[in-house]
Amino acid sequence: HVEIVEKEREALIKLFKSTRGEEWLDNTGWIKEDENHCKWGGVSCKNGFVNKLTLEANGLNGIIPTN
């Protein structure tokens with residue numbers, strides 16, 4: 001469980017960095033060390049795992065990472 005959660009968090013951080021997350025309209029909580037990634041703006045989780053991202057019209061600009 002912990003390994004999967006860490007991989008999810010790492011993937012979300014890569015997405016943030018590659019799409020200029022610091023410029024998003026809503027980047028609430030993103031990449032804060034002490035913030036659970038399930039509480040980040042636009043991230044929805046079920047049973048502790050990411051199940052949905054709602055980031056449309058949020059100003060993402062860049063390339064979505066493949067890994």
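Trainee: Is Thr19 buried or exposed, and what is its relative accessible area?
Mentor: Keep in mind that this is a predicted model. A residue counts as buried when its relative accessible area is under 20%. Thr19 falls under that cut-off, so the residue is buried, with a relative accessible area of 1%.

Trainee: Where along the chain is the place of Thr19?
Mentor: Start with helix H1, which covers 2–18. Strand E1 covers 43–46, and Thr19 sits between these two elements. The place of Thr19 is therefore not in H1 or E1, as the ranges show, but in the loop between helix H1 and strand E1.

Trainee: Which residues does Thr19 touch, not counting those up to four places away in sequence?
Mentor: Contact here means heavy atoms within 4.5 Å. One of the partners is Leu60, which lies 41 residues apart from Thr19 along the chain, yet the two C-alpha atoms are separated by 5.2 Å. The full list is Trp24, Gly59, Leu60, Asn61, Gly62, Ile63 and Ile64.

Trainee: Which backbone oxygen does the side chain of Thr19 reach?
Mentor: A polar contact needs a pair of N or O atoms within 3.5 Å. The side chain of Thr19 meets that cut-off at 2.6 Å, and the partner is the backbone oxygen of Leu15.

Trainee: Now for the whole chain: in what order do its elements run from the N terminus on?
Mentor: The secondary structure comes to one helix and two strands. Read from the N terminus on, the order is α-β-β.

Trainee: What radius of gyration does the protein chain have, and what would a compact globule have?
Mentor: The C-alpha trace spans about 30 × 20 × 20 Å along its principal axes. For 67 residues, a compact globule would have a radius of gyration near 11 Å. The chain agrees with that, because its own value is 11 Å.

Trainee: What share of contacts between residues at least 6 apart in sequence joins residues at least 24 apart?
Mentor: Thr19 and Leu60 are one example of a touching pair, being 41 residues apart along the chain. Across the protein chain, the share is 55%.

Note on methods:
Residues are numbered from 1 along each chain as its sequence is written. This is a predicted model: local features need pLDDT of at least 70, side-chain atom pairs count only at pLDDT 80 or more; totals for chains, interfaces and linings use all residues. Side-chain values use heavy atoms; hydrogens and water are left out. Helices (H or I, at least four residues) and strands (E, at least two) are DSSP runs, numbered from the N terminus. Buried means under 20% relative accessible area, exposed over 50%, partly exposed in between (1.4 Å probe, protein chains only). A polar contact is a pair of N or O atoms within 3.5 Å; within protein, one must be able to donate a hydrogen and the other to accept it, and residues adjacent in sequence count only if both atoms are side-chain atoms. The radius of gyration is taken over C-alpha atoms; the globule rule is 2.2 Å times the number of residues to the power 0.38.
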